[in-house]
Amino acid sequence: MTPASRVRRAVAAMSMEERVGQLVMASLSAGTNPSSLEDAIRNRHVGSVLIIGNWTNGTAGVRQATDALQSYAPANNKLLMTTDQEGGQVQHLTGAGFSTMPSATQQGGMGADQLRQSAAVWGGQLAQAGINVDLAPVVDTVTVPRASNAPIGALDRDFGLDAAGNASHATAFIQGMRDAGVQTSIKHYPGLGSVTGNTDFTADGILDTTTMLDGDTINAFGTVITDAQPGMVMMALATYQAIDPSTPAAFSPTIIDGYLRARQGYQGVVTSDSLSAAALGGFQPSELGVRLVEAGGDLACIGAPDYVMPILDGLNAKAASDEAFAAKVTRSAERVLTLKYQMGLAG
């Protein structure tokens, strides 16, 4: 059987609730017992976990948690185990066995070969800790004064170059991580480098008035997709006035299905930035996963534990009442399972 037919057969054998569970990434914060997610993984079929917070207990301590989480998943369908390990101010995992990573802006000063070699070292450390997906690198290009760009420039989360330079460095980072057996997610599509507000913390200042389809900043993502084939693309929660002013990018079929998939050819897993972020405070939690999947997205990343069940319930209710939506859930589950098959997590 071809890999695609194996995936289709595996998803066809799942109940709709099992398929929905594959579309949810729950989080485990530092200091929280992994058993807090046992029910969600065993009984609600959650298929991915985000390790976040200030983990200071080294690779061995993180590995203890990730092993416990994986023990709750079926033997033939293990978890995508993710974290935000970008470098600089965004490095969730530290302690014995983890290097102190330079910021992405400092990484932008490295040559591509040097960055690839460094990323392979950092990826090897993640693999030691049981992490198989790094939700990095940032491919955003800052187009406004850096200090005013709260989510990216002010935190030195971008490579600090022009769009082409950011794309080449992102490709090197992805290749290095892959050399270590770790997949990646480029972010924050179609770019957070032209807003002032940080979508994690505010709904103000998150209207992008300049980014356009076919512009340099969005095409940097397309270059990385073509050259490096990242495991995931993470959608921004900002709204893009010149592309789709009606809804955040993560909920925009114009941006996901119309451009990322149809024009840039990306057929892999599309994940969201955290759906519990302040930018989406105007939406009911039960709507969030539904809107993502309706737009062509696949994997609902959820930072706040109390959002997981409402998002699961919303997806299940919509799938039960809407045949067309159920078909989208199935297609999304196939994309997630395809990535897992490629990574040796399912089979």
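A residue counts as buried when its relative accessible area is under 20%, exposed when it is over 50%, and partly exposed in between (1.4 Å probe, protein chains only). By that yardstick Ala147 is exposed, at 73% relative accessibility.

Some ground rules. This is a predicted model, in which local features need pLDDT of at least 70 and side-chain atom pairs count only at pLDDT 80 or more, while totals for chains, interfaces and linings use all residues. Residues are numbered from 1 along each chain as its sequence is written, and side-chain values use heavy atoms, with hydrogens and water left out.

**The whole chain**

The protein chain has 12 helices and 12 strands; these are DSSP runs numbered from the N terminus, with helices (H or I) of at least four residues and strands (E) of at least two. Its radius of gyration is 18 Å, close to the 20 Å that the globule rule gives for 347 residues, so the chain is as compact as a globular protein of that length. That radius is taken over C-alpha atoms, and the rule is 2.2 Å times the number of residues to the power 0.38. Along the principal axes, the C-alpha trace spans about 50 × 45 × 40 Å.

Of the 347 residues, 58% count as buried. Contact here means heavy atoms within 4.5 Å. Take the contacts between residues at least 6 apart in sequence: 76% of them join residues at least 24 apart. As for charge, there are 21 positive and 31 negative side chains, and the centres of the two sets lie 9 Å apart. Lys and Arg count as positive and Asp and Glu as negative, with His and the chain ends not counted; each charge is placed at NZ of Lys, CZ of Arg, CG of Asp or CD of Glu.

**Inside**

A nonpolar core is a set of buried Ala, Val, Leu, Ile, Met, Phe, Trp, Tyr and Cys residues joined through side-chain atoms within 4.5 Å. The largest one here holds 112 residues, and Ile41, Val49, Ile51, Leu69, Phe173, Tyr189 and Met235 touch the most other members. Helix α12 (residues 323–343) gives the most to this core, with eight residues. Leaving out residues up to four places away in sequence, Phe173 touches residues including Met101, Leu115, Trp122, Ala136, Pro137 and Phe159.

Ser48 sits in strand β2 (residues 48–52). With a relative accessible area of 0%, Ser48 is buried. Beyond its neighbours within four places in sequence, Ser48 is in contact with Val24, Met25, Ala26, Leu79, Leu80 and Leu299.

**Out in a loop, and some backbone oddities**

Back to Ala147, which belongs to the loop between β6 (133–134) and α7 (163–179). Its C-alpha is 30 Å from that of Gly95, and the two are 52 residues apart in sequence. Pro137 is found in the loop between β6 and α7 too, and a cis peptide bond joins Ala136 to Pro137, with omega about 10°. Another cis peptide bond links Lys187 and His188, where omega is about 0°; His188 lies in strand β7 (residues 183–189).

Next come residues other than glycine that have a positive phi:

| Residue | Phi | Place | Relative accessible area |
|---|---|---|---|
| His45 | near 70° | loop between α3 (38–42) and β2 | 21%, partly exposed |
| Asp156 | near 55° | loop between β6 and α7 | 31%, partly exposed |
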